[in-house]
Structure formats: structure tokens, C-alpha cells
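User: I'm new to reading protein structures. Could you walk me through this one?

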Amino acid sequence: MSVAFLFPGQGSQYPGMLHELPLEEPIVQQTVEEASLVLERDILTLDAEDQLDSTVAVQLCLIVAGVATARLLQQRGARPNMVAGHSVGAFSAAVIASVIPFKEAVNLVRRRGEYMEQAFPKGYGMGVILGIREKQLASIIDRIHTPSYPVYISNLNSPTQLTITGEDSAIERVFQEARTAGARRTCKLNVSVPSHCPLLNRIANELSNLLVHVELQKPTIPFAGNRTARPLRTAQTIREDLALSICNPVRWHDATSVLFELGARLYVELSPGNVLSNLASEAFPDAHAIDVSTTGLKNTVQIIKRYQSGY
């Protein structure tokens, strides 16, 4: 039975997340040192509470945590058969699929975060809505969206867990109408940039220009795209997905459904958090989903090996 590694995106961060990694492990130390060398600063200083107000710091902490944990699992013989990453988590997935060197990915994620932060320093964000479906939410957004107060559907995490992105007051208006329409819950996310919508078209172009100069390799295992929610098997299609997903909705439910169709029966969410594993548990009752943070490294390794041996 196949194992899929899932790499979380922005919103899963918390203070001290890098310091909770097993820093005594040489492969984790190596990952931290590689990132610090690229950044010309100690990456471990970026997971402090005041630092995580920065989109740049958050995204850098996420790629280091995800790659370090995945490398350690692989070193212990627990390797994925396929990968997917939510939003910035796609860069971690690309590293583990041998598409892009880690150092190059760290630099790209830094530039990505800088572009996003500079374009929208305040007044914009993201929010999650539980309990209504895409068509119903799209109708609400059509009534509220204007050029001055833009709002869009940004992530389709499950049929009834959707995120929106845009101008803060427009998000609040969508929340109000969604609750009236029967939504169980609405909540602002700890994200200060309107990701995955046309407001970031210019940033997608900037990323495309950067990625042209990075040599990407064909993935060694299937890589599920954010924008297309299809298995991407060439360097060029992954290059496009990494750049263009920032201005397009993340079709996460569809992407993980593709992994299920490819045989994934164990979904493993890499550090930090458990949002993606919870989504997988709800979406695929015939599969099993765990997160490394809760399950622990030793147990995670044992579970992965058991699934891959057919037991």
C-alpha cells in the first residue's frame, strides 16, 4: 500500500516550531545549516513569536520543518511513494521528490515571501468557512466582490471547508452572509496576504522569471499539483505549478483524491501541525492519516514500513 507525504502551508506555524525538531539528529542539523547558509542568518531565530508576524519568516520555517522531518524519515527507511504540498508546502514536496535542490527551494521561498509581503503589507488576509459548498459560496462572493473590495475563493480543502482571500472588510461581509446561509463556522486565518487569487498575478510572473533560471529535474515519485490537482510528472509542469498556484485556487481536496486514486492508503503530514491529516481522515475513510508531530518519529516510521510491506 502506498504512502503519501503531505507538506503543510501557511497557517500551520506556531512559535518554537523549529526548536521542537530533533535538532540533535545530524540530518536535521544539516538541513538547518543549509538553510542558514542560504539566508546568511540563523534560521532558528525565525520561529520566535514576533518573527512569525512576517510572511517571509513563516514560509521559511515551514520549508525547513517539512524537509528536515521528511529527510529524517527517509534516512530511517520510511520513504514516500508520492507527495503533495499545500501552497508553500509544494516547495518542500518538490525537494523530497528530487525536483529541486533544497538550497534553491529555500531561496525561492524567501523571494516568494518577500514579494507577497511587499505587495500587501496590510488590509488583506484570508479566512476559512466551514459548512457550505463551493457553488453556494461563489454566489455570495459574486454579490460582494468589487474592484475596490476584492474577495475570492482561494483554497478548496474539502467539499465543505473552503477558504477565501482578499480585502479584510470584504472577507467579513462574506463571513456574515455565509453564516446566514448556514455555515457552521467562519474564522480569519493567521495569514496577512491574499494568497491564491488574481491579486497575486504579478507575483506569479516574478516567480516564473526566477524559476526559469533554476534547473529542475523530473520527479522521482508522483507530485500532485496545487493548481491543476493532477499528478505532475515533468519538471516543466511542476515549474508552472510552483509559480502559478500563487494566483490560482489550491484544489487540495482534488489533489489528495488523485493520490488516493494512485493508491495512497496512508497519508503522513510532515511537521508542523495536523490540518492536512485531519482533512485526509475525513475525506478518505478507507485510508489512514497521521501527522508526525502527534504520532512521533519512531511510531511514524513503524507505521509507514508496515503499510509499505502490505500489513
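**An aromatic cluster and its surroundings**

Analyst: Happy to! Phe 260, Tyr 267 and Phe 284 form one aromatic cluster. Keep in mind that this model is predicted.

User: How many aromatic pairs does the structure hold?

Analyst: Ring centres must lie within 6.5 Å to pair. By that test, the number of aromatic pairs in the structure is 2.

User: Is the pair of Phe 260 and Phe 284 stacked or edge-to-face?

Analyst: Let's look at the angle, since planes under 30 degrees apart count as stacked. For Phe 260 and Phe 284 the centres are 5.3 Å apart and the planes differ by 10°, so by the cut-off this pair is stacked.

User: How many residues apart in sequence are the parts that this pair ties together?

Analyst: Phe 260 belongs to helix α9 (residues 252-261), while Phe 284 is in the loop between α10 (275-283) and β10 (288-291). The pair therefore ties together parts whose separation in sequence is 24 residues.

User: And what angle lies between the planes of Tyr 267 and Phe 284?

Analyst: Tyr 267 sits in strand β9 (residues 264-269), and Phe 284 in the loop between α10 and β10. Their rings are stacked, with 5.2 Å from centre to centre and a plane angle of 15°.

User: Are Tyr 267 and Phe 284 buried or exposed?

Analyst: The cut-off for buried is under 20% relative accessible area. Tyr 267 and Phe 284 are both buried.

User: Which ring does the charged end of Arg 265 sit over?

Analyst: The charged end of Arg 265 is 3.7 Å from the centre of that ring. The ring belongs to a member of the aromatic cluster, and its name is Phe 260.

Methods:
Residues are numbered from 1 along each chain as its sequence is written. This is a predicted model: local features need pLDDT of at least 70, side-chain atom pairs count only at pLDDT 80 or more; totals for chains, interfaces and linings use all residues. Side-chain values use heavy atoms; hydrogens and water are left out. Rings of Phe, Tyr and Trp (its six-membered ring) pair if their centres lie within 6.5 Å; planes under 30 degrees apart count as stacked, over 60 as edge-to-face and the rest as tilted. Helices (H or I, at least four residues) and strands (E, at least two) are DSSP runs, numbered from the N terminus. Buried means under 20% relative accessible area, exposed over 50%, partly exposed in between (1.4 Å probe, protein chains only). A charge sits over a ring if NZ of Lys or CZ of Arg is within 6 Å of the ring centre and within 35 degrees of the ring normal.
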